[in-house]
Amino acid sequence: MQTGQFRTAPDAVRLIVAKEGFRGLFAGYGSFLLRDLPFDAIQFCIYEQLRIGYKLMAKRELKDPENALIGAFAGAITGAITTPLDVLKTRLMIQVDPSPFKWNIPHQNPFLHN
């Protein structure tokens, strides 16, 4: 719908399934994981370390606004770290013709380790 290919979401589902099968609905899932798994892992670690350090410094339980602020800060740091992965994910998800990125001979694919 954003690109003008489909009128409605149900139209998009019908056309994608008709053209690519049910698997077509999951196009881009691998690149989604490429970005989101590292983001979540890094953000959680940063959040926990900041929260523990702040709690030790304050010598008390943290209030909800303090936890929210720590979470926002952890998210900002993590976003800066993982932005290149987000760019890669977006480009992989929107590419129309992935053929330039296909290799016919396995040893030509730099992502496969023999």
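This is a guided tour of a predicted model, one selection at a time.

**The whole chain**

Start with the whole chain in cartoon view. Its secondary structure comes to three helices and zero strands, and from the N terminus on the elements run α-α-α. Now switch on the surface. The chain exposes about 9100 Å², and carbon and sulfur atoms supply 64% of that area. Of the 114 residues in the chain, 19% are buried. Contacts between residues with a separation of 6 or more can be sorted by how far apart the partners are in sequence: 50% of them join residues 24 or more positions apart.

**Helix H1**

Select residues 9-20, which form helix H1. This helix has twelve residues and reaches 16 Å from its first C-alpha to its last, close to the 16 Å expected at 1.5 Å a residue. Which residues of H1 are buried? They are Asp11, Ala12 and Ile16. Turn the view so that you look down the axis of H1: the buried residues fall within an arc of 120 degrees, so they line one face of the helix. On the other side of H1, colour Arg14 and Ala18, which are exposed.

Move one step past the end of the helix. H1 is followed by Gly21, which has a positive phi, near 80 degrees.

**A pair of rings**

Next, show the side chains of Phe22 and Phe26. A pair of aromatic rings is described by the distance of the centres and the angle of the planes. The count for this model comes to two aromatic pairs. One of them is formed by Phe22 and Phe26, with 5.6 Å from centre to centre and 65 degrees between the planes. Is this pair stacked or edge-to-face? It is edge-to-face, because planes over 60 degrees apart are counted that way. With the surface on again, compare how much of each residue shows. Phe22 has 57% relative accessibility and counts as exposed, whereas Phe26, at 47%, counts as partly exposed.

**Helix H2**

Select residues 29-58, helix H2. At 1.5 Å a residue, its 30 residues should span 44 Å; the end C-alpha atoms are 42 Å apart, which agrees. The buried residues of H2 are Ser31, Arg35, Asp36, Phe39, Ile46 and Tyr47. What covers these buried residues includes helix H3, residues 64-94, so display H3 beside H2 for the next stops.

Begin with Gly30, which is found in H2. Gly30 is exposed, with a relative accessible area of 52%. Draw a distance from its C-alpha to that of Lys89: the two residues are 59 residues apart along the chain, and their C-alpha atoms are separated by 8.6 Å.

**Arg35 and its surroundings**

Stay in H2 and select Arg35. Is Arg35 buried or exposed? It is buried, with a relative accessible area of 19%, because the cut-off for buried is under 20%. Leaving aside residues up to four places away in sequence, Arg35 touches Leu85, Asp86 and Lys89. Add Val87 to the view as well: it is 52 residues from Arg35 along the chain, and the C-alpha atoms of the two are separated by 8.9 Å. Then show the ring of Phe39. Arg35 lies over the face of Phe39, at 4.6 Å from the ring centre.

From Phe39, go across to Ala80, which has its place in helix H3. The C-alpha atoms of Ala80 and Phe39 are separated by 10.0 Å, with their positions 41 residues apart along the chain. Ala80 is exposed, with a relative accessible area of 59%.

**The end of H2 and the loop**

Return to H2 and select Ile52. Ile52 is partly exposed, with a relative accessible area of 37%. Ile52 and Leu62 are ten residues apart in sequence and 9.7 Å apart in space, C-alpha to C-alpha.

The last stop is Lys59, in the loop between H2 and H3. What is the sign of phi in Lys59? Phi is positive here, about 55 degrees, although Lys59 is not a glycine. Most residues other than glycine have a negative phi. Lys59 comes just after H2 and is exposed, with a relative accessible area of 73%.

Definitions and conventions. Residues are numbered from 1 along each chain as its sequence is written. This is a predicted model: local features need pLDDT of at least 70, side-chain atom pairs count only at pLDDT 80 or more; totals for chains, interfaces and linings use all residues. Side-chain values use heavy atoms; hydrogens and water are left out. Helices (H or I, at least four residues) and strands (E, at least two) are DSSP runs, numbered from the N terminus. The expected span of a helix is 1.5 Å times one less than its number of residues. Buried means under 20% relative accessible area, exposed over 50%, partly exposed in between (1.4 Å probe, protein chains only). The arc is that of the directions from the helix axis to the C-beta atoms. Rings of Phe, Tyr and Trp (its six-membered ring) pair if their centres lie within 6.5 Å; planes under 30 degrees apart count as stacked, over 60 as edge-to-face and the rest as tilted. A charge sits over a ring if NZ of Lys or CZ of Arg is within 6 Å of the ring centre and within 35 degrees of the ring normal. Contact means heavy atoms within 4.5 Å. Accessible areas come from the Shrake-Rupley method with a 1.4 Å probe; for residues, only the protein chains shown count as cover.
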